[in-house]
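User: Please take a close look at the charged side chains of this model, with attention to their partners and their exposure. Where the backbone geometry deserves comment, include it, and set the whole in the context of the fold.

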Amino acid sequence: MSRVIHVFRKPDRFVAGTVGEPGDRTFYLQATEDVRTISVTIEKQQVVVLAERLGALLEEVASRFGADVPDEAPADQVDTEPLAVPVEEEFRVGTMGLGWDAESSAVVVELLAITEGEIDETVVLDDTEEGPDAVRVFLTPVAARAFAERAERVVNAGRKPCPLCGEPLDPTGHICPRQNGYRRDVDVTED
């Protein structure tokens, strides 16, 4: 079966979001254009990496190509709305690709479905018939910056870190390695 590539050339929305409670959240990326919405499942760490790499790509594009790239997204451009429902997973993201389309002055984000075998890197950002299904989104530099800012907020909205070890605290506390395995309660504070 040939691959399906969902292309969003002028998305109305491209966001990271979650479903579930902190500690048990599922992360999604969701792209919307007109009446079409695609949601893909992604790991939390992949969201972190994507946001960081988008920032680095924007800096490089500004210095190499002289593109107009904002240092931060205007507040009214950062989407704070929840994911569009129902959230129906198209696929789970395995490989991600980033690029710059000089012709349209857009950042290109490509999300490829996870596969069991190795992925030939030539299928990333390519329209070949063979390869995993993909979502390809074209973002203006402002939209890319806004995506990265929202992604950072979504990731940081989870469980608070333990002040001693930095590991996430569960609502009931956790076993802190810095306390030699004694259970650390959430409401205990340091003096």
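Analyst: **Charged side chains and backbone geometry**

Asp-34 has a relative accessible area of 65% and is therefore exposed, the cut-off for that class being over 50%. The model under discussion is a predicted one. Asp-34 sits in the loop that connects β3 to β4 (36-42), and its phi is positive, at about 60 degrees, although the residue is not a glycine. As a general matter, residues other than glycine mostly have a negative phi, and peptide bonds are mostly trans.

Ser-105 also has a positive phi, near 50 degrees, and is likewise a residue other than glycine. Ser-105 belongs to the loop between β5 and β6. With a relative accessible area of 40%, Ser-105 is partly exposed. A further backbone feature concerns the peptide bond leading from Val-85 to Pro-86, which is cis, with omega near 0 degrees. Pro-86 is placed in the loop between α1 and β5.

The fold provides the setting for these features. The protein chain contains nine strands and two helices, and their order from the N terminus is β-β-β-β-α-β-β-β-α-β-β. The C-alpha trace spans about 55 × 40 × 30 Å along its principal axes. The chain has 191 residues, of which 40% count as buried. Among contacts with a separation of 6 or more, 57% are between residues 24 or more positions apart. The accessible surface is about 11,500 Å², and carbon and sulfur atoms contribute 47% of that area.

As for charge, the chain carries 38 negative and 19 positive side chains, and 4 Å separates the centres of the two sets. Seven salt bridges are present in the structure. Three of them are described here, beginning with a pair that spans a long stretch of sequence.

The side chains of Arg-13 and Asp-79 form a salt bridge with an N to O distance of 2.4 Å. Its partners come from distant parts of the chain, 66 residues apart: Arg-13 lies in strand β2 (residues 13-19), and Asp-79 lies in the loop between α1 (44-65) and β5 (89-101). Arg-13 counts as buried because its relative accessibility is 14%, which is under the 20% limit of that class.

Arg-36 and Glu-33 form another salt bridge through their side chains, at 3.5 Å from N to O. The two partners fall into separate exposure classes: Glu-33 is buried, with a relative accessible area of 15%, while Arg-36 is partly exposed at 30%.

The third pair is contained within one helix. Arg-64 and Glu-60 meet side chain to side chain in a salt bridge of 2.8 Å, N to O. Both residues belong to helix α1 and are four residues apart, about one turn of the helix. Arg-64 is exposed, at 60% relative accessible area, whereas Glu-60 is partly exposed, at 38%. Elsewhere, Arg-13, Asp-79 and Arg-150 are joined into one network by salt bridges that share partners.

Which buried charged residue has no salt bridge? Arg-25 fits that description, and its nearest side chain of opposite charge, that of Glu-21, is 8.9 Å away. This distance rules out a salt bridge between the two residues, because such a pair requires a side-chain nitrogen within 4 Å of a carboxyl oxygen. Arg-25 is located in the loop between β2 and β3 (26-33). A polar atom of the Arg-25 side chain does, however, lie 2.9 Å from the backbone oxygen of Val-154. Leaving aside residues up to four places away in sequence, Arg-25 touches Thr-18, Val-19, Gly-20 and Lys-44, together with Val-154, Val-155, Ala-157 and Gly-158. Val-154 thus appears both among the residues touched by Arg-25 and as the source of that backbone oxygen.

Glu-110 is a buried acidic residue, since its relative accessibility is 0%. Glu-110 is part of strand β6 (residues 106-113). Its side chain is joined to that of Arg-136 by a polar contact of 2.5 Å.

Notes
Residues numbered from 1 in each chain as written. Predicted model: local features only at pLDDT ≥ 70, side-chain atom pairs only at ≥ 80, totals over all residues. Heavy atoms only, no water. Buried < 20%, exposed > 50% of the residue type's maximum accessible area, 1.4 Å probe, protein only. Contact = heavy atoms within 4.5 Å. Areas by Shrake-Rupley, 256 points an atom, 1.4 Å probe, with all protein chains shown as cover. Lys, Arg positive; Asp, Glu negative; His and termini not counted. Charge placed at Lys NZ, Arg CZ, Asp CG, Glu CD. Polar contact = N/O pair within 3.5 Å; in protein donor to acceptor, adjacent residues only side chain to side chain.
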